[in-house]
Amino acid sequence: MVAEMIHTASLVHDDIIDESLFRRGNPSVFSVWGQSKGAFTGDYILGAASVSLAKLRHNRVMRIMSQILEDLVQGEFMQLGTKSNEDERFNHYIEKSYRKTASLLANSCQAVAVLSGTTESKIKMAFEYGKNLGISFQLIDDSLDYLSSEKEMGKPTGADLKLGLATAPVLFAAHEFPRLNTLIMRRFSRDGDAEEALHLVRKSSGLEQTRDLANRYGQEAMKVIHNLKESEASQSLIQLVENQLIRTS
């Protein structure tokens, strides 16, 4: 429940930062209540999550879950910048994706493992499963921004480009179309930049490469589970990875 509350609060705050009117096809808290009430709503959910976490009276779990909040904020700051060095850009993107998305899954899985009283090796495995699942999820999400319709995603196609964000598909595409590096550095800020980038990404192998990388992270997540004793629970964890790799929204 605490993990879901942190996630929900982060989405409320994200919609304020991005000025998003919709969240998965429904009106966002920001669009209904405005910036101030939206921010207070997200803050309240985080406060309630903190109270629930404190009630566990488990210092290690509190430290683990608190790391998620630190990572979320650091990820937002990372998203505000663009690396001028093309070779550093992709590592920056993966690190940002870990902090904004995968940290929640990785540390939540780790916290649950700690609470279960299992061994340190399995606690580490839980973290690795969540990390790889989270990065894979974000890669799929970023590819869908170029593929799915507004009706499927609940937001306009190419929304990330309009926000100035260079995600995996455009970073891969830039190797084939160097013109994209100019657009990336100015964060697609000029008229026609987002449309041009969307066209070039769809002409390139960027989407295919993004899917391939998502599959590799997904395989790493499943490899962790294959090291555990087979059970209904372990099969569900594998199915979770498989389902997110084929999702269309």
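In this predicted model, a good place to start is arginine 187, which is partly exposed because its relative accessible area is 25%, between the 20% and 50% cut-offs. Arginine 187 sits in the loop that runs between α9 (179–185) and α10 (193–203). Its backbone is a little out of the ordinary run of things here: phi is near 55°, a positive value in a residue other than glycine. Phenylalanine 188 belongs to the loop between α9 and α10 too, and again phi is positive, about 55°, although the residue is not a glycine. What is the relative accessibility of phenylalanine 188? The value is 6%, so phenylalanine 188 counts as buried, the limit being under 20%.

Next comes helix α3, which covers residues 59–80. Its 22 residues should span 32 Å at 1.5 Å a residue, and the C-alpha atoms at its ends are 33 Å apart, so the two figures agree. The buried residues of α3 are Val61, Ile64, Met65, Ile68, Asp71, Leu72, Gly75, Glu76, Met78 and Gln79. Around the helix axis they take up an arc of only 165°, which means that they lie on the same side of α3. The face turned away from that buried side is where the exposed residues Asn59, Arg63, Phe77 and Leu80 are found. And what do the buried residues of α3 pack against? Their partners are α1 (2–18), α2 (29–54) and α4 (86–116).

Helix α12, residues 232–245, can be read in a similar way. With 14 residues, α12 reaches 20 Å from its first C-alpha to its last, close to the 20 Å expected at 1.5 Å a residue. Ser234, Ile238, Val241, Gln244 and Leu245 are buried in α12. Looking down the axis, these buried residues fall within an arc of 130°, so they line one face of the helix. Glu232 and Ala233, on the other side of α12, are exposed. The packing partners of the buried residues of α12 are α5 and α11.

Another residue of α12 is glutamine 235. Glutamine 235 is partly exposed because its relative accessibility is 38%, which falls between 20% and 50%. Along the chain, glutamine 235 and glutamate 19 are 216 residues apart, and their C-alpha atoms are separated by 39 Å.

Leucine 21 is placed in the loop between α1 and β1 (22–23). Is leucine 21 buried, partly exposed or exposed? Its relative accessibility is 49%, so leucine 21 counts as partly exposed, with the line for exposed drawn at over 50%. Leaving aside residues up to four places away in sequence, leucine 21 touches Asn26, Pro27, Ser28, Phe30 and Ser31. Valine 32 is eleven residues from leucine 21 in sequence, and the two are 8.3 Å apart in space, C-alpha to C-alpha.

The remaining results concern empty space. Rolling a probe the size of a water molecule over the atoms reveals where such space is left. The second largest pocket holds about 340 Å³ of space. Its lining is made up of 16 residues, and those closest to the centre of the pocket are Ala113, Lys122, Ala126, Leu228 and Leu237. Which helices each supply at least two residues of this lining? They are α4, α5 (120–147), α11 (206–226) and α12. Sorted by class, the lining of the second largest pocket comes to eleven nonpolar, four polar and one charged residues. Helix α12 thus appears twice in this account, as a contributor to the pocket lining and as a helix whose buried residues pack against α5 and α11.

How many cavities of 30 Å³ or more does a search of the whole structure find? The search turns up one. About 170 Å³ of space lies in the largest cavity. Of the 16 residues that line the largest cavity, Gly81, Thr82, His92, Lys96 and Ala166 lie nearest its centre. Both α3 and α4 supply at least two residues of this lining, and the largest share, four residues, comes from α4. By class, the lining of the largest cavity divides into six nonpolar, six polar and four charged residues. Helices α3 and α4 therefore meet in two parts of this description: the buried residues of α3 pack against α4, and each of these helices supplies at least two residues of the cavity lining.

Definitions and conventions: Residues are numbered from 1 along each chain as its sequence is written. This is a predicted model: local features need pLDDT of at least 70, side-chain atom pairs count only at pLDDT 80 or more; totals for chains, interfaces and linings use all residues. Side-chain values use heavy atoms; hydrogens and water are left out. The expected span of a helix is 1.5 Å times one less than its number of residues. Buried means under 20% relative accessible area, exposed over 50%, partly exposed in between (1.4 Å probe, protein chains only). The arc is that of the directions from the helix axis to the C-beta atoms. Contact means heavy atoms within 4.5 Å. On a 1 Å grid over the protein atoms alone, a cavity is a set of points where a 1.4 Å probe fits but cannot get out, and a pocket is an open set with protein on both sides within 12 Å along at least five of seven lines; lining residues have an atom within 4 Å of a point. Grid points are joined across faces, edges and corners, and a volume is the space filled by probe spheres set on the points. Ala, Val, Leu, Ile, Met, Phe, Trp, Tyr, Cys and Pro count as nonpolar, Asp, Glu, Lys and Arg as charged, and the others, Gly among them, as polar.
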